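I opened the notebook to look up a few backbone and burial details, and I set down below what I found.

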Amino acid sequence: AWKRNQITSFTDKDGFEKEVVRHVETTLARSMFNCDEIAAYSATSLAFRDRLITHWNRTQQRQTYRDTKRVYYLSLEFLMGRALDNAMLNVGLKNVAQDGLAELGFRIEDVVKQEHDAALGNGGLGRLAACFLDSLATLNFPAWGYGLRYRYGIFKQEIIDGYQVEVPDYWLDFNPWEFPRHDVTVDIQFFGQVNKKTVGGKTISVWEAGEIVQAVAYDVPIPGYDTPTTNNLRLWSSKASGGEFDFQKFNSGDYESSVADQQRAETISAVLYPNDNLERGKELRLKQQYFWVAASLYDIVRRFKKSRRSWNEFPDQVAIQLNDTHPTLAIVELQRILVDVEGLEWDNAWEIVTSTFGYTNHTVLPEALEKWPVGLVQHLLPRHLQIIYDINLFFLQSVEKAFPDDRDMLRRVSIIEESQPKMVRMAFLAIVGSHKVNGVAELHSDLIKTTIFKDFVEIYGPDKFTNVTNGITPRRWLHQANPRLSELIASKCGGNDFLKDLTILNQLEKHVEDKQFRKEWAEIKYANKVRLAKHIKDTTGVVVNPASLFDVQVKRIHEYKRQQLNIFGVIHRYLSLKAMTPDQRKKQLPRVSIFGGKAAPGYWMAKQIIHLINSVGAVVNKDEDIGDLLKVIFLEDYNVSKAEMICPASDISEHISTAGTEASGTSNMKFVLNGGLIIGTCDGANIEITREIGESNIFLFGNLSEDVEDLRHAHTYGSHTIDSDLDKVFNEIEKGTFGTPHDFSAMIAAVRQHGDYYLVSDDFHSYIETHQLVDEAYRNQDEWIAKCITSVSRMGFFTSDRCINEYAEEIWNVEPLVVDRH
Ligand code: DL6
């Protein structure tokens, strides 16, 4: 093992305690006598941060010295969650901290809980970026993440009278995990106009800025697991470039407008847009995007130029991955830098640009595909619009040449949509400017090739399009979230190596029949359920029985994810129980239906779904006929740290999107890895999970993606008969059993009258039947546990380490930097 003590400040309990005391008494300027849990958290974080800094500096020096190709992951969202627990585990000193804190009078769980989640993301895409950073560091890839340092992350959700209420998330009060780099700043320009100038006989375009805003770097160390590699996540914050005050205005007594520039500039990085799978063309969002990509590219180019290589070597040194279309302006910005600033010929520059970028698509939903009005781009980024038009012109010329008989092709694939107003189609720009485009699960990658990007497959050929099925980091999602299960697994898999090579989990399979092992497995699941039950009691007041089947659906609330199907199913269960005699009820299996997730503040229907869930809970949970047989819980403010508690406690979790709509899903992987089974549609990564773990270990239901279009067509143009059980559910809601019927009328009308776009009625029967199978299967606990163990043993494929190796090989062409551990 590498010698940790050579380069770090503590290796044992005494050393750790000394560091904590030092930080409490000096950095925090407090005495140990009034050291509370927050101070203990702060000092512990600072002690670990000191260790990371050493590794981090060395990693950066090593990467600079070796000067090999680096990966830059551009993501507008990084949903990191808490850092302390992760840092302690990754450097391998959690036990030391636990003992040290105990001696100082603290329980490590209470200390870890003091940390505010870093919630700079909405959902899947942002959490994927966080898992990727963990894997990149663990696998020793020279890699940087680039994002925005939002002052307000995703809002905090409160449930008041059954409704979602949004509260700002101010998370930066004290954040020991970031380093402001006031010396790393970039001036970013907006607005203005473009002038032509002749320099040395050559005509060049010069963009004269209308406004300049300063980007300031904040760096976050990203420790790999069991390696000294500590990579960097650089987040940009915005600031007025001329300093805080307009002194002239200040001196003349105009105090309000003296700080106006500062406030306007700071607005850029103030808030994360809270939409998931929905784009709303707001000018500030476009400003955020350009601010972030321009600062990041300036940084990347500056680093490249230090090595004094020729520009043609740029793609050999730099791979930039676009996490969705949000960073697509980076393509245009790099072309601008190369042509306008560095003086390269257009074609030469374009070759460099397209060899550098890769683009990951995360959705086929039309409402999530980004488009920007041409007028807005022209106003904000006049030079970039010219470049976009030129890129489009050359692209369309090549298409025309290759498809001379298909005039309509030009209209279909043009980066500029000839609508009213004209729009820039960002996904098309991302495809044209990248050398590889990938989807995030097999079905999704196939669907993008046959639907939204079909023409591009014809133009470029199929090789440009590929699949990298998503994955999750087992360090956070098993080792950290479920320490007891991780330990039990380690005891059967020859130690902790499975955390770095998840395929080792397959060694569990030979222990499936081991009674003692099954017993320990079941005990751990039960303990995790007890912990969640306590949280439910503390936060909602509802007492749930941990012996019930815990049925969980936690994710963003969205009609396509179909929480409405779930709650309609719950109402159906409630009505069935109500119709039973007491003797019949005694034979039923108790169940707790647990929901969690945020709705975008402007997404009215999603908010109605939350309201219905809470309204059903309010009735069912106090119904004495029902008692423990059914409880309905909505967990407030679902986030990464709550997910770490919820995933280990589920028996069955729901991944029930309309087939073909969920690109991949990653919580499906988290739940299975934590020894829970899943009920799901044939969608996203559910399909590959089924292939890996076996059909008998998953509960699949519903229509297939290839039938969705026909069904929708039939709803619109034929007669649409609603499933009779679902009709009864609707009638009950309309009777007012769950509160004012009017509150839910739009949700019902969406199915009955408005075409049932998400196929709730079509899938209802199969959904209910499949839940009956779940109940039956759960009654046989021994077999159920065997299914869970078998599933976990076959989950090796879904580690984000495998994804990163695939990206590295197929898209980035980058090698890990071998680390000398001595
Ligand atoms: O690829 C990560 C993740 C997928 O697993 C989900 O299926 C997909 O819905 C999600 N997309 C987003 C888009 N959001 N925004 N903002 O999170 O990506």
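Before listing any neighbours, I note that contact here means heavy atoms within 4.5 Å. I also note that the model is a predicted one.

Entry on Arg425. I looked up its place first and found Arg425 in strand β16, which covers residues 423–425. Is Arg425 buried or exposed? Its relative accessible area is 12%, and because buried means under 20%, I entered Arg425 as buried. I then looked for its contacts, leaving aside the neighbours within four places in sequence, and wrote down Glu370 and Lys371, together with Arg411, Arg412, Val413, Ser414, Ile415, Ile416 and Glu417.

Entry on the loop before β16. I placed Pro421 in the loop between β15 (416–417) and β16. The peptide bond that joins Gln420 and Pro421 is cis, with omega at about 0°. I marked this down since most peptide bonds are trans.

Entry on positive phi values. Most residues other than glycine have a negative phi, so I looked up two residues with the opposite sign.

Ala29, which is not a glycine, has a positive phi of about 50°, and I found Ala29 in the loop between α2 (13–27) and α3 (37–66). Its relative accessibility is 64%, and because exposed means over 50%, I entered Ala29 as exposed.

Arg308 likewise has a positive phi, near 55°, and sits in the loop between α11 (283–306) and α12 (314–317). With a relative accessibility of 77%, Arg308 also counts as exposed.

How values were computed. Residues are numbered from 1 along each chain as its sequence is written. This is a predicted model: local features need pLDDT of at least 70, side-chain atom pairs count only at pLDDT 80 or more; totals for chains, interfaces and linings use all residues. Side-chain values use heavy atoms; hydrogens and water are left out. Helices (H or I, at least four residues) and strands (E, at least two) are DSSP runs, numbered from the N terminus. Buried means under 20% relative accessible area, exposed over 50%, partly exposed in between (1.4 Å probe, protein chains only).
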